[in-house]
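Got your viewer open? Here is a short walk through the model, one selection at a time.

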Amino acid sequence: MDLLPDLRVAVARGQIEAYFQPMVDVSTRRIVAVEALARWKHPEHGLIAPNVFIPLAEEHGLIGEIGAFMIAEGCRCAAAWNGGSARVQVSVNVSAAQLTTSSLLDQITDNLRRLSVPDDVLVVEITESLPVVEIAEVNALLNEMRLLGVGVSVDDYGTGHSTAEQLAGLPTTEVKIDMSRVQAATPNDPFIRGVVTLAHARGITVVAEGVETEAQLDIVRGLGVDRAQGYLFGRPESESDISRLLKNTP
Ligand code: C2E
Ligand code: CA
Ligand code: CA
């Protein structure tokens, strides 16, 4: 099935939607953040997973448009969910291709200003393999984002070529330990312990991804992880479902 022609029109026709998955504080289990995850509701083929269409979009130069849409949606929801005294961070995934285009900073600035999103609410998630490409350029861009009050999260940590230098070398505010590491973790897990020590020494928040069981939560909490995300707390949900969930959160 050739999805490419359909993907070209999907954004324009509103077939791509942002879903949001909660992240909780491991001690209180309160929702402190949500991650925006793209969903494609194809008129004939039904729901298509981002693992299928994001790589396709990256390969064929469509990620800029989808990425811009996700940033706009993330900011719109961030504004809606952060009225009054409420504080819930909203993380948006950003591809390498977006980070190396000059418009990303403008898009983020425009959305934050137009919607009056408070500081420290928007977070961009980048993958660790990315900074190697054009490290100086990416570093400068991320520093500018930090000046706007945008958080920088290093995603999927512990897969591929993760190094402590990469984590320490960028203006990182958060690190997300990959699900594969979390689900295989032991109470004395040296990898996770190492990440926590390194991160906390730099004031970086540590998130465990893919927490599905109470036992996994106990282990990551014991290892000093700050936040957790996973099916134990909730799957990615539509904006209206998350809005309802946040309203019912004390
Ligand atoms: P990711 O950024 O690592 O996002 C987490 C993925 O893990 C999500 O899959 C989420 O649904 C899934 N997940 C969360 N908790 C659990 C759990 O407890 N168990 C299991 N088995 N899975 C869990 P999803 O939504 O299918 O997204 C897959 C990937 O697609 C994302 O991985 C991200 O790399 C990419 N992606 C999604 N939306 C976007 C986007 O807007 N832009 C970019 N560039 N990439 C995106
Ligand atoms: Ca992510
Ligand atoms: Ca991840």
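**First stop: a helix contact**

Start by selecting Leu 105 and Thr 109: the backbone oxygen of Leu 105 lies 2.6 Å from a polar atom of the Thr 109 side chain. Thr 109 belongs to helix H5, residues 103-115. Its relative accessible area is 12%, so Thr 109 is buried (buried is under 20%, exposed over 50% and partly exposed in between, with a 1.4 Å probe and protein chains only).

A word on the ground rules: this is a predicted model, in which local features need pLDDT of at least 70 and side-chain atom pairs count only at pLDDT 80 or more, while totals for chains, interfaces and linings use all residues. Residues are numbered from 1 along each chain as its sequence is written, chains are lettered from A and ligands numbered from 1 in the order in which they are written, and side-chain values use heavy atoms, without hydrogens and water.

**Second stop: the calcium ions**

Now select ligand 3, a calcium ion. Which residues supply its protein donors? They are Asp 155 (OD), Asp 156 (OD) and Glu 209 (OE), with Glu 209 listed twice, at 2.2 to 2.5 Å from the ion. Donors here are N, O and S atoms within 2.8 Å of the metal, or 3.2 Å for Na, K and Ca; water is not among the atoms, so sites may look incomplete. Along the chain, the donors of this ion follow the spacing D-D-x52-E.

Add ligand 2 to the view. This calcium ion lies 4.0 Å from ligand 3, and Asp 155 bridges the two. Are the two aspartates buried or partly exposed? Asp 155 is buried, at 6% relative accessible area, whereas Asp 156 is partly exposed at 26%.

**Third stop: ligand 1**

Keep both aspartates selected and bring up ligand 1. A polar side-chain atom of Asp 155 is 3.1 Å from an oxygen atom of ligand 1, and one of Asp 156 is 3.2 Å from an oxygen atom of the ligand. Taken alone, ligand 1 exposes 800 Å², of which the protein buries 83%. Next, pick Gln 21, where a side-chain N or O atom is 3.1 Å from a nitrogen atom of ligand 1.

Widen the selection to the whole shell: 21 residues surround ligand 1, and the closest are Ala 38, Arg 39, Ser 95, Glu 212 and Tyr 231 (each has a heavy atom within 4 Å of it). Finally, colour strand E2 (31-42), helix H2 (50-59) and strand E6 (151-157), each of which supplies at least two shell residues. E2 gives the most, with four.

Key:
A polar contact is a pair of N or O atoms within 3.5 Å; within protein, one must be able to donate a hydrogen and the other to accept it, and residues adjacent in sequence count only if both atoms are side-chain atoms. Accessible areas come from the Shrake-Rupley method with a 1.4 Å probe; for residues, only the protein chains shown count as cover.
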